[in-house]
Amino acid sequence: MAKYKIAWLPGDGIGKDVLDAAQIVLDKAELDAEYIHGDVGWEFWRTEGEPLPQRTVDMMKTTRCAMFGAITSKPKTVADQELIPELHNKGYVYRSPIVRLRQLFDLYICKRPCKAYPGNPLNYKDGVNFVIFRENTEDLYSGLEFNRIPPDMLKIKGMEHVSPDAAISIKVNTPKGCERIIEAAFEFTKSEKRKKVTCVHKANVVRASDGLFLEIFNKVAQRYPTVEADDANVDSLCQWLLKKPFNYDVLVAPNLYGDIISDLCAQMVGGLGFGSSGNIGNNYALFEPTHGSAPKYAGMYKVNPIATILAAKMMLEWLGETDAAQRVESAVEQVIKEGRVRTYDLGGDASTLDMAHAVAEKI
Ligand code: IPM
Ligand code: MG
């Protein structure tokens, strides 16, 4: 029997292309695992009205962790949803499977390293090396949304000024939710001998929920006297990240700001082809590239698989296979530095699998 069972969830678009690449690398690293395919994505929404079938969730519960490709997030609006009358009329509401998986498995940490590998022609500046800790289960992703204000809610003081036909999305930050992600960021900073954690918020305007996040940050920071603690409004942070990137190290943010700065930071180290994510809870974890499903490239084996290979490397670390993780990262480093095998985003014409084989050869 294999040492690990791993759920393998390609999803939509280029999800399969990039997971095939990760498989080549994991096999070369000789991970002793059984990979179990799970259905997820647009196809299952279209045919079953459920982008995340229960059978997939049940299967995942029998595994140690999961690798995830990408999902085409549609329909985006209620109007789009009405375009599929057979589903809409049955009352199906589309919910993003990845957001649901993060909540279902309580994967409250979204860890997103953004490291500029030397030799990458797309680096904004060499030496950039951030790690984002994004809260992954609450905030504006809590799913508390109403297309019209529920009548009972109109009775709340202050609501009488709001038009009853307003759409509202509720931002939920709980003390427990804030504390556990902030603590994870500090623990990581301390154990990796990094220097500083910056709290990302907009507490000057969003006083209740972001105010709580900042308050808890300041409290937790006191427990880590050797780590420098700093905070910034998310808007000014975007400016400073570009202006003085070396002032930043570990960033901790509520869900939505974490989502937004993730793409900004990924772009600083070569774009979404280099952004990997670990969705991590206390008992389960799911690893994925930060990029989307790029439907126009689906099945063409054209896109850069490095983000997914780095996600696989994070999975190896999480499993405690640190030696294999280091070998994968150093292989990626060498391939980027040599610059002989490059996908189109890096100015080359190598395929997704060429790049995976180039990495595998160095392991
Ligand atoms: C991400 C993505 C997802 C998110 C989408 C696909 C729902 O943008 O992982 O950053 O918003 O979290
Ligand atoms: Mg995103």
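Which domains each give at least three residues to the lining of the second largest pocket? Here are my notes on that and a few other spots, bearing in mind that this is a predicted model.

1. **Who builds the pocket.** To take the opening question: domain 1 (1-128 + 269-363) and domain 3 (173-250) each supply at least three residues to the lining of the second largest pocket. The space inside comes to about 600 Å³. If you want to find the spot in the viewer, go to K111, F188, E192, K313 and E317, the lining residues that lie nearest the pocket centre, out of 25 in the lining.

2. **Elements and chemistry of the lining.** Two or more lining residues come from each of β4 (109-115), β5 (129-135), α7 (175-191), β11 (276-280), α11 (306-319) and α12 (322-338). Strand β4 is the top contributor, with five residues. By type, the lining splits into 13 nonpolar, seven charged and five polar residues.

3. **Domain layout.** The assignment cuts the protein chain into three pieces: domain 1 (1-128 + 269-363), domain 2 (140-172) and domain 3 (173-250). Taken over C-alpha atoms, the centres of domain 1 and domain 2 sit 35 Å apart.

4. **Two positive phi values to look at.** D106 has phi near 50 degrees, positive even though the residue is not glycine. Its home is the loop between α6 (97-104) and β4. D139 also isn't a glycine, and its phi is positive at about 65 degrees. You'll find D139 in the loop between β5 and β6 (145-146). Buried or exposed, then, for D139? D139 is buried, because its relative accessible area is 0%, whereas D106 counts as partly exposed at 33%.

5. **T198 in β8.** This threonine is part of strand β8 (residues 196-201). T198 has a relative accessible area of 0%, so it is buried. What does T198 touch, leaving out residues up to four places away in sequence? The contacts are D230, D231, A232, L237, Y248, V250, L251 and V252.

6. **How α13 packs.** Helix α13 (residues 352-361) has T352, M355, A356, A358, V359 and A360 as its buried residues. As general background for reading that list, an α-helix has 3.6 residues a turn, so residues three or four places apart point the same way. Those buried residues of α13 pack against α1 (15-28), α11 and α12. Helices α11 and α12 also turn up among the elements giving two or more residues to the lining of the second largest pocket.

Note on methods
Residues numbered from 1 in each chain as written. Chains lettered and ligands numbered in written order. Predicted model: local features only at pLDDT ≥ 70, side-chain atom pairs only at ≥ 80, totals over all residues. Heavy atoms only, no water. 1 Å grid on protein atoms, 1.4 Å probe; cavity = no way out; pocket = protein on both sides within 12 Å on 5 of 7 lines; lining within 4 Å. Points joined across faces, edges and corners; volume = space filled by probe spheres on them. Helix = DSSP H or I, 4+ residues; strand = E, 2+ residues; numbered from the N terminus. Nonpolar A, V, L, I, M, F, W, Y, C, P; charged D, E, K, R; others polar. Domains from an automatic or database assignment. Buried < 20%, exposed > 50% of the residue type's maximum accessible area, 1.4 Å probe, protein only. Contact = heavy atoms within 4.5 Å.
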